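Reader: Could you take me through the aromatic rings in this one, up close? I'd also like to hear about the cysteines while you're in there.

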Amino acid sequence: MPFPQIRMRRLRKSPAMRRLVRETTLRVDDFVYPLFVKAGENLKAPIKSLPGCFHFSPDTIGAEATEVASLGIPAVLLFGLPKAKDAGGSRAWAEDGVVQLAIKQIKDKTSDLLVITDVCLCEYTDHGHCGLIKDGKIDNDATCELLAKMALSHAQAGADIVAPSDMMDGRVKFIREALEANGFHDVAIMSYAAKYASAFYGPFRDAAESAPAANLHETALKNRKTYQMDPANSDQAMAEIALDIAEGADIIMVKPALPYLDIICRANERFDTPIAAYNVSGEYMMLNSAADAGLLDREPAILETLTAIKRAGADIIITYFAKQAAKQI
Ligand code: PBG
């Protein structure tokens with residue numbers, strides 16, 4: 001007869017007791033803060049689809065990075081909005097590209113902040129796809145060559161970690177080989193290993209001006225479903241992660257986070273590689289919209305959300321809430 005010998009409430013009776021038996025503790029060290037860098041000068045413009053986030057130009061992003069570092073957040077993740085787009089995404093590896101310039105500015109202003117860069121063509125192609133289009137399809141292997149070029153140019157500009165988010169097969173191998181061949185042995189790869197074709201990227205695509213163009217009529221080009229994962233799959237996520245680790249990924253990512261906590265949990269049980277989870281733009285806006293409507297209490301909801309992601313097994317949490325949460329904990 002467990003009751004009354006066992007009363008679970010004994011361990012919940014006071015804040016100190018709850019602290020003593022708490023299993024998961026959020027730390028500022030867990031966070032990565034995404035930043036958007038846009039071609040231009042003297043720019044700090046609020047992003048409509050992501051209230052609280054801004055477009056920075058390379059010359060203003062250093063000050064923001066300094067603030068992020070002063071909060072104790074260990075890393076930022078950079079997304080670039082180039083001055084021009086073309087079919088091949090050529091501004092992605094330009095020496096004077098927005099991200100390349102931003103990395104240098106951040107590295108000039110801060111010494112202890114890690115710079116992670118998104119490696120993907122969707123913000124750089126005029127059609128908005130993450131890869132090259134050939135005969136009405138995304139050309140996997142030709143895209144991998146370009147992603148390797150892009151990652152290398154980020155490493156040359158001073159990136160600490162490159163983060164391929166395109167979901168082409170083999171891109172981690174291409175990137176690892178390019179980095180090794182050019183002496184960037186210590187530049188890490190954080191691969192978006194299990195990235196789903198999700199409806200929760202909406203606000204981001206607005207912010208990054210990276211949605212697939214509306215004038216593409218081929219079925220394979222209407223959305224990202226021929227490269228991003230089917231939300232119904234879980235075994236396949238394990239296969240994706242295993243492949244990325246075998247190809248040289250140092251950190252693997254599950255994205256989005258909240259609708260995929262089961263995937264984070266499975267990955268954590270199965271792999272020893274650090275796991276990052278991306279609390280994506282749609283998750284950010286769901287919470288914010290409900291809080292703005294007075295339907296839930298913003299601050300505890302943020303910490304509960306991020307704690308849940310960590311409890312599921314994430315070692316690293318990429319979140320637009322990073323600055324706010326850092327101030328709360
Ligand atoms: C680009 C990319 C996307 C996100 C991160 N990198 C969008 C997409 O794949 O369409 C989404 C991030 C977010 O929603 O916060 N490949």
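Author: One term before we start: buried means under 20% relative accessible area. Keep in mind that this is a predicted model.

Cysteines first, since they go quickly. There are zero disulfides in the structure. Cys53 is buried, at a relative accessible area of 2%, but the closest cysteine sulfur, in Cys122, is 17 Å from its own, so that is too far for a bond. Cys130 is buried too, with 0% relative accessibility. Its sulfur has the one in Cys120 as its closest cysteine sulfur, at 3.5 Å, and that is still too far for a bond because a disulfide needs the sulfur atoms within 2.5 Å.

Now the rings. Across the whole structure, a search turns up 10 aromatic pairs. Take Phe36 and Tyr320: they are stacked, 6.4 Å centre to centre with 5° between the planes. This pair links distant parts of the chain, as Phe36 belongs to strand S1 and Tyr320 to the loop between strand S12 and helix H11, 284 residues apart. Both Phe36 and Tyr320 are buried.

Tyr320 also pairs with Tyr284, this time tilted, with 5.5 Å between centres and 55° between planes. Tyr284 sits in helix H9 and Tyr320 in that S12–H11 loop, so the pair ties together parts 36 residues apart in sequence. Tyr284 is buried as well.

Zoom out a bit and ring pairs join Phe36, Tyr284 and Tyr320 into a cluster that also includes Phe79, Tyr192, Phe204, Tyr278 and Phe321.

One more ring to look at is Tyr201. The charged end of Lys195 sits over it, 5.5 Å from the ring centre, and the charged end of Lys255 sits over the ring of Tyr201 at 4.6 Å from its centre.

Methods
Residues are numbered from 1 along each chain as its sequence is written. This is a predicted model: local features need pLDDT of at least 70, side-chain atom pairs count only at pLDDT 80 or more; totals for chains, interfaces and linings use all residues. Side-chain values use heavy atoms; hydrogens and water are left out. Buried means under 20% relative accessible area, exposed over 50%, partly exposed in between (1.4 Å probe, protein chains only). Rings of Phe, Tyr and Trp (its six-membered ring) pair if their centres lie within 6.5 Å; planes under 30 degrees apart count as stacked, over 60 as edge-to-face and the rest as tilted. Helices (H or I, at least four residues) and strands (E, at least two) are DSSP runs, numbered from the N terminus. A charge sits over a ring if NZ of Lys or CZ of Arg is within 6 Å of the ring centre and within 35 degrees of the ring normal.
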